[in-house]
Amino acid sequence: IDRPLTPDEISVAAADARVGVALAERWPAVRVGAEVGLGAADLADLVTSWVWSLSASLVAPLFDGGARSAAADLARARVESRLVDLGAVVLEALREIDDARAQVDAAAARVSALDAELGASRSLVEDTQARFEQGLDDFLPVVVAVRGEQQAERALIVARRTWLTEAVRLHRALGGGFDMQTRSSSP
């Protein structure tokens with residue numbers, strides 16, 4: 001893994017290790033010991049008489065009423081519980097990412113639609129101004145067209161702010177940080 005483990009992943013790994021310990025405790029263990037010493041019948045032979053002692057013992061679980069088996073089963077259940085918890089965290093993260101992506105797409109579509117509406121409003125302002133300058137219309141259609149253009153600009157600004165908010169939400173759902181030097185493109 002190229003990244004540090006999350007606390008949830010560490011918890012699962014620890015629970016899994018406890019299963020191994022519980023399973024190992026169910027089986028007999030052999031203990032080997034060795035001792036080296038000096039032994040002599042009299043003080044003169046003390047330097048030349050080495051005594052070696054090897055011992056081995058078999059440590060086996062005796063009747064425990066199923067306690068060791070139950071401990072192994074409990075350890076397995078804890079691993080499964082931790083895995084379920086980790087799975088729930090992953091599913092929640094995926095749901096947040098999916099929701100955020102849908103919101104970004106919807107906001108981007110709204111920005112595109114309002115951008116096209118603003119272009120149409122600007123064309124209408126130009127047309128009504130040209131008609132007014134040619135003396136074909138009153139000034140009232142120009143005022144109405146400019147008002148519509150301003151409303152379209154405000155709506156576009158709000159939509160872009162919403163798009164940026166949703167893009168940040170998506171970025172955070174993906175686990176990203178914030179770097180003020182990085183610039184992103186807007187729709």
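Which residue takes a positive phi just after α3? In this predicted model, that residue is G175, with a phi of about 85°.

The helix that comes before G175 is a good place to start. Helix α3 runs over residues 140-173, 34 residues in all, and reaches 49 Å from its first C-alpha to its last. That is close to the 50 Å expected at 1.5 Å a residue. It's also where the predictor is happiest: confidence in the chain is highest in α3, at a mean pLDDT of 94.

As for what α3 tucks away, its buried residues are V142, A145, E149, A152, L156, A159, W163, E166, L170 and A173. An α-helix has 3.6 residues a turn, so residues three or four places apart point the same way.

Several of these buried residues turn up again in the largest nonpolar core, a set of 12 residues that includes A152, L156, A159, W163 and L170. A100, V104, A107, A108, V111, L114 and L118 complete this core. Two elements, α2 (67-133) and α3, each give two or more residues to the core, and the largest share, 7 residues, comes from α2. L118, one of the core residues, is in contact with E149, A152, E153 and L156, leaving aside its neighbours within four places in sequence.

Confidence is patchier elsewhere. The chain has a mean pLDDT of 78, with 69% of its residues at 70 or more. Strand β2 (residues 50-59) comes out lowest, at a mean of 50. Within residues 50-54 the pLDDT is below 50, though this stretch has 15 contacts in the model beyond near neighbours in sequence.

Terms used: Residues are numbered from 1 along each chain as its sequence is written. This is a predicted model: local features need pLDDT of at least 70, side-chain atom pairs count only at pLDDT 80 or more; totals for chains, interfaces and linings use all residues. Side-chain values use heavy atoms; hydrogens and water are left out. Helices (H or I, at least four residues) and strands (E, at least two) are DSSP runs, numbered from the N terminus. The expected span of a helix is 1.5 Å times one less than its number of residues. Buried means under 20% relative accessible area, exposed over 50%, partly exposed in between (1.4 Å probe, protein chains only). A nonpolar core is a set of buried Ala, Val, Leu, Ile, Met, Phe, Trp, Tyr and Cys residues joined through side-chain atoms within 4.5 Å. Contact means heavy atoms within 4.5 Å. pLDDT is the predictor's confidence in each residue, from 0 to 100.
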